[in-house]
Amino acid sequence: RRFAVFALLAAILTSGSMIAAMYSVHIITILQANGLTLAAAVGLGALVGPSQVGARIVERLAGTRHHPIWTLFAASLLVAAGLVVLVLAPAVPAVALIAYGAGNGIWSIARGTLPLTVFGASGYAVLMGRLATPSLVAQAVSPSIGALLMQAFGASTTLSVLGAMAACNVAGVGVLWIVLRSRASAEAR
């Protein structure tokens, strides 16, 4: 069961890394394809950074009150919401970019705290290296995959693919929560 939790967590983190890398490299092009000027796209894209910081501050203030799975769930939900809003309502990109930025900001917290909580401190560095390896490979290839998608199918389809990946991540975190909960129940018996 430990390997199943590890594999599911690795898949979620890797998918999240792919989304972040592809999005960060191609967001200006995607916003321009939605009809924004370069200046407007850059200006709106700049909302992501402060949203990340703001969400991390909120998480820091409230984060000790809940299990880190909830941080990962909130992060994946905010990322998915930001992408889906950008797909379905491109006229309100600021809302989408703020939601995405907030989710991406607390994602970085959950990426470190959840494995520590689930697997413990013993062997934590090795575990994090094993979790990071597929994520780093995904980050390296994702911008190129995004460029190929954009060239072959356009910005709208690329954004839809990112949204679908993010929605799958939300579902994956839900499955992870169920698995962790059943594991905790089994250990309590």
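The legends below describe close-up views of a predicted model.

**View 1. Helix α6, residues 124–153, and its bend at V141.**
The 30 residues of α6 should span 44 Å at 1.5 Å a residue, and the end C-alpha atoms lie 41 Å apart, which agrees. The helix bends by about 35° at V141. A proline, P143, follows V141 within four residues. After α6 comes G154, which has a positive phi, near 100°.

**View 2. The buried residues of α6 and the helices they pack against.**
Buried positions in α6 are L127, M128, L131, S135, A138, S142, G146, L149 and M150. An α-helix has 3.6 residues a turn, so residues three or four places apart point the same way. The partners of the buried residues of α6 are α1 (2–33), α5 (93–119) and α7 (155–188).

**View 3. The packing of α5 on α6.**
Two packed helices are described by the angle between their axes and the distance between the axes. For α5 and α6 the angle is about 125° and the axes are 11 Å apart. The two helices are therefore oblique to each other, and their crossing is right-handed. On the α5 side the contact is made by R111, G112, P115, L116 and F119, and on the α6 side by Y124, L127, M128 and L131. Among these, L127, M128 and L131 of α6 are also buried.

**View 4. The crossing of α1 and α2.**
The axes of α1 and helix α2 (residues 38–45) come within 9 Å and cross at roughly 130°. That angle makes α1 oblique to α2. From α1, the residues in contact are I28, L31 and Q32; from α2, they are L38, A41, V42, L44 and G45. The crossing of α1 past α2 is right-handed.

**View 5. Surroundings of L44 in helix α2.**
With residues up to four places away in sequence not counted, L44 touches L31, L36, P93, A94 and L97. L31 belongs to the α1 side of the contact between α1 and α2, and L44 to the α2 side. L44 and L72 are 28 residues apart along the chain, and their C-alpha atoms are separated by 25 Å.

**View 6. N34 in the loop between α1 and α2.**
The relative accessible area of N34 is 33%, so this residue is partly exposed. N34 touches L86 and P90, not counting residues up to four places away in sequence. From N34 to A91 the separation is 57 residues in sequence and 8.3 Å in space, C-alpha to C-alpha.

**View 7. A20 in helix α1.**
A20 has a relative accessible area of 17% and is buried, the cut-off being under 20%. Apart from residues up to four places away in sequence, A20 touches Y100 and N104. A20 and Y100 are 80 residues apart in sequence, with a C-alpha to C-alpha distance of 9.4 Å.

**View 8. S51 in helix α3, residues 48–62.**
S51 counts as buried, at 11% relative accessibility. Leaving aside neighbours within four places in sequence, S51 is in contact with L97, I98, G101 and A102. L97 is also touched by L44, a residue of helix α2.

**View 9. The packing of α4 on α7.**
Helix α4 (residues 68–88) and α7 have axes that come within 8 Å and cross at roughly 160°. Angles over 145 degrees count as roughly antiparallel, and α4 and α7 are therefore roughly antiparallel to each other. Their crossing is left-handed. The residues that meet include W70, F73, L77, L83 and L86 in α4, and L159, L162, A166, V170 and W177 in α7. L86 of α4 is also a residue that N34 touches.

**View 10. L162 in helix α7.**
L162 is buried, with a relative accessible area of 0%. Outside its neighbours within four places in sequence, L162 is in contact with I19, M22, Y23 and L83. L83 is among the α4 residues that meet α7. L162 and V48 are 114 residues apart in sequence, and 16 Å separates them in space, C-alpha to C-alpha.

Definitions and conventions:
Residues numbered from 1 in each chain as written. Predicted model: local features only at pLDDT ≥ 70, side-chain atom pairs only at ≥ 80, totals over all residues. Heavy atoms only, no water. Expected span 1.5 Å × (residues − 1). Bend = angle between axes of the 7 residues up to and from the residue. Buried < 20%, exposed > 50% of the residue type's maximum accessible area, 1.4 Å probe, protein only. Contact = heavy atoms within 4.5 Å. Axes fitted to C-alpha atoms, helices over the stretch in contact; angles between N-to-C directions. Parallel < 35°, antiparallel > 145°, perpendicular 65-115°, else oblique. Left-handed = near helix turned anticlockwise from the far one by under 90°.
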